[in-house]
Amino acid sequence: MSAPSTGGASRDGYGAALLNLADDPRVVVIEADLGKSTKSCLFRELYPERTISLGIAEQNMVLVAAGLASCGKVPFASTFAIFTERAFEQVRNGLARPGLVAHICGSHGGIHTGTDGSSAQSIEDLALYRTIPGMTVMHPSDDLSATKLTEELLNHPNPSYTRTARNKTPRIYDVDTVKSIQIGKGSVLKEGDDVAIIAIGVMVHKALEAAENLRSDGINATVVDMHTIKPLDTKLLDELANSVSGIVTVEDHSVIGGLGSAVSEYLSENNPTKIRKIGVDDRFGESGDSEELLSLVGLTVESIETAARTML
Amino acid sequence: MKRTEVSVQSLENMAKNCRRSIVDMIHKAGAGHPGGSLSAIDLIVALYGTQLNVDSNNPDSSQRDRFIMSKGHASPAVYAILKEHNFLNQSDLDGFRSLGSVCQGHVDMKWTNGVDFSAGSLGMGLSFGIGTAFAAKMDSLDFQTWVMLGDGETQEGQIWEAFMAASYHNLDNLHVIIDRNRIQNDDFVNVQMEIGDVANKVEAFGWSVREIDGHDMEAIVEALQWSMDTPGPSAIVAHTVKGKGVSFMEDNPSFHGKAPNDAELTMAMEELV
């Protein structure tokens, strides 16, 4: 059984943020049929006059968002992460290239999505959007941080892509600690001098669990929720590289092009550091329970611990 | 609502000037798309002359009409009309396609005053126009959105996503002009992928459609007004000749995306007097 689909998944946090943003008349919500899944349906129920349903047509959706943005609106468009990829070139050429600001949310990201199988499990979205000049790319770790980061987009100067998760994971933040979260600034959740574990999305709570286990062996790990993959918090990366013996990156995403790549690209040129990347190896997923799938591809607390130990 | 009254003769004269600008700037750049610029220019001249509410002194006005040139490779046609309406000057046109020029290879809103859309990748403009048309309605503004599509461009699936969405949402402030010049990059449209009776297809998607001769200025002016007066989204299928006005470019697929050489420029200019 997958975890419950409502209450506490980061997609719920996205839906809550749209409601919180509704007082601003510039906010427009755009859907390509999957509003009940991405949770934009919450906005639609209360603000139908500012919600545009476009049917199962993602390419059209992205350019409608661009057109709205060109007239001063702040569009929030969502579908499954995997289906945003169908409109990648639209995001590149129609939205980001002219410097228009609209915000794309891809829900159901990662292999964690579960039983729908590999066709729904986007493991390359973060890599794709990271290549687009000027694009902000985020992947929050729980519902509260998804709300905060989405709210921050209201006056954000760049177009953005935010991946949310389908399934509930343990909360990382509470209503107070979440207030300090900012786009582009990694959140240090735990401090330790031996090794740093930088994680995103549904893997953050596993990173925290791994750090707890390491501590009982006398190994002190820093744990970072790097919810913003672009722009990357390079200041924090430098601080980590200067203080620990190695860095482990953890993501429910391909090891090609995602968080681990972004961290490696920066540090290899600027502050060479031992890095181990934990993610989905160059493969597709399959149907199964979220936890079964994470285990299948090696995204486990144990693998994080093992990688961390190799850094000492 | 009736917009500006302009004589057909003055529009035809402006179209001739624009044709000369088009051929000249493509020759200077040594690259560009003359065929689709020359097929579209009569339509564009009539639109700017009689309907489009734009002002070079206030190019970013939120109330301006939008012209979305989805077939963005026909950028010389847009630059030519923008010069006639004082958004650009001759030196801007002379820089077409050169480094740093406001006249980019394909029309780009980021670079050019008076350009409302960044094109170059076909199939996206009508969707963008839906966005601007929606914004007008949400803000209770009465500006109109005009989108020009190429006929080859309608091979893109996104165009039909957009046709479907616009009629579903009854965007009566959205107008389409299809430049039916029957030629695309590689060859004639009916060789590459015949689109058939495109008017009928658009109508089947819930639009009002009228077919005209896209080089009959009087018919164009009348059809543009028809589009304004028609409830719901409306489309004009304009039957045109690729390369219109330059005999050796007319109906010639090789001048879709090729610059005239020096001798060809001379011949073209002799015809465009």
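**Notebook: a sheet in chain A, and chain B as a whole**

I began with strand E8 (residues 195–199) of chain A, which pairs in the parallel sense with strand E9 (residues 221–225) of chain A over 5 bridges. Strands here are DSSP runs of E with at least two residues, helices are runs of H or I with at least four, both numbered from the N terminus, and two strands pair if DSSP finds at least two bridges between them. Looking up one bridge, I found that Ile198(A) has Val224(A) in E9(A) as its partner.

I note that this is a predicted model, in which local features need pLDDT of at least 70 and side-chain atom pairs count only at pLDDT 80 or more, while totals for chains, interfaces and linings use all residues. Residues are numbered from 1 along each chain as its sequence is written, and chains are lettered from A and ligands numbered from 1 in the order in which they are written.

I then followed the sheet, which is open, has mixed pairing and holds 5 strands of chain A in the order E7-E9-E8-E11-E12. Strands E7 (187–190) and E12 (275–280) of chain A each have a single partner strand, so one side of each is left without a neighbour in the sheet.

Turning to chain B, I counted 10 helices and 5 strands. Its radius of gyration, taken over C-alpha atoms, is 17 Å, close to the 19 Å that the globule rule (2.2 Å times the number of residues to the power 0.38) gives for 273 residues, so chain B is as compact as a globular protein of that length. I also noted that the predictor gives the complex an ipTM of 0.96 and a pTM of 0.96.
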